[in-house]
Amino acid sequence: MNKSCFQRGVNTLIAGSFFVVGYALAADANQAAVSRGQALHADKCATCHAEKSGLGDGNVLYLRSDKKATNLKQLEGMVARCNSELRLDLFPEDEADVVAFLHKNFYKFKKH
Ligand code: HEC
């Protein structure tokens, strides 16, 4: 193995480990967002949805066959609508966390 080949190998190895670490951090960050979103949702959203659905379980809103949100954009829109119309005072990053939670647990859209 000549020197430049060795160097390339090292570079690839270094780049590869950055990729793995970066990936793990991104997954962690997403899990943290989902957990924050879950707490916010329980605090601000679940009770009203449970009452409005009349079933005592607010999650049916997200799972019904005629649900309003059928892609990620619409889900962001519905979260923003409930947040602003009802003056729930979520910051944009809170909204994003709630969207992450709803997406992961209920909507599970295939692509953005
Ligand atoms: C005071 C009552 C109330 C509160 C609080 C509330 N919502 Fe809603 N939300 C509703 C109602 C009513 C609907 C159904 C609207 C419809 O069917 O047109 C709804 C629908 C939704 C939907 C669409 C569901 C679907 O059909 O796909 C989402 C998403 C949603 N809300 C998110 C939230 C989030 C996130 C929060 C908390 C930050 C929240 N809502 C707080 C009343 C509320």
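**Exercise 1. Locate Asp89 and say whether it is buried or exposed.**

Start with position. In this predicted model, Asp89 sits in the loop between helix 4 and helix 5. Next, count neighbours. Asp89 has 9 C-beta neighbours inside 10 Å. The cut-off for exposed is 12 or fewer. Asp89 therefore counts as exposed. Last, check the backbone. Phi of Asp89 is positive, about 65 degrees, although the residue is not a glycine. Most residues other than glycine have a negative phi.

**Exercise 2. Treat Arg87 in the same steps: which loop holds Arg87, and what is its phi?**

Position: Arg87 belongs to the loop between helix 4 and helix 5. It comes just after helix 4. Backbone: its phi is near 50 degrees, positive in a residue other than glycine. Neighbours: 7 other C-beta atoms lie within 10 Å, so Arg87 is exposed. Now look past helix 5. Lys108 follows that helix, and its phi is positive too, near 50 degrees.

**Exercise 3. Compare the end-to-end reach of helix 4 with the expected span.**

Helix 4 has 14 residues. At 1.5 Å a residue, the expected span is 20 Å. From first C-alpha to last, the helix reaches 20 Å. The value is close to expectation.

**Exercise 4. Place Ser65 and explain why Ser65 is classed as exposed.**

Ser65 is found in the loop between helix 3 and helix 4. Only the neighbour count is needed for the class. Ser65 has 4 other C-beta atoms within 10 Å, so it is exposed. Then take a distance. Ser65 and Leu88 are 23 residues apart along the chain, and their C-alpha atoms are separated by 27 Å.

**Exercise 5. Describe the overall fold and decide how spread out the protein is.**

Count the elements first. The protein has 5 helices and 0 strands. From the N terminus, the order is α-α-α-α-α. Now compare radii. The radius of gyration is 20 Å, while the globule rule gives 13 Å for 112 residues. The first value is well over the second, so the protein is more spread out than a compact globule. Add the dimensions: the C-alpha trace spans about 75 × 30 × 20 Å along its principal axes. Buried residues make up 12% of the 112. Finally, turn to contacts. Of those between residues at least 6 apart in sequence, 62% join residues at least 24 apart.

**Exercise 6. Find the largest nonpolar core and the helix that gives the most to it.**

List the members. The core has 8 residues: Ala69, Leu75, Val79, Val98, Val99, Ala100, Phe101 and Leu102. Assign them to elements. Helix 4 and helix 5 each supply at least two. Helix 5 gives the most, with 5 residues. Check against burial: the buried residues of helix 5 are Asp97, Val98, Val99, Ala100, Phe101 and Leu102. Then follow one core member, Ala69. Beyond its neighbours within four places in sequence, Ala69 is in contact with Gln74, Leu75, Met78 and Tyr107.

**Exercise 7. Characterise the shell around the ligand: how many residues surround the ligand, and which are closest?**

The shell holds 21 residues. The closest are Cys45, Cys48, Lys67, Lys68 and Cys82. Next, map the elements. Those giving two or more residues are helix 1 (3-44), helix 2 (46-53), helix 3 (60-63), helix 4 (72-85) and helix 5 (92-107). Helix 4 contributes the most, with 5 residues. Then sort by type: 14 are nonpolar, 3 polar and 4 charged.

Definitions and conventions:
Residues numbered from 1 in each chain as written. Predicted model: local features only at pLDDT ≥ 70, side-chain atom pairs only at ≥ 80, totals over all residues. Near = placed C-beta within 6 Å. Helix = DSSP H or I, 4+ residues; strand = E, 2+ residues; numbered from the N terminus. Nonpolar A, V, L, I, M, F, W, Y, C, P; charged D, E, K, R; others polar. Core = buried A, V, L, I, M, F, W, Y, C linked by C-beta atoms within 7 Å. Buried ≥ 20, exposed ≤ 12 C-beta atoms within 10 Å, placed from the backbone. Contact = placed C-beta atoms within 7 Å. Expected span 1.5 Å × (residues − 1). Rg over C-alpha atoms; globule rule 2.2 N^0.38 Å.
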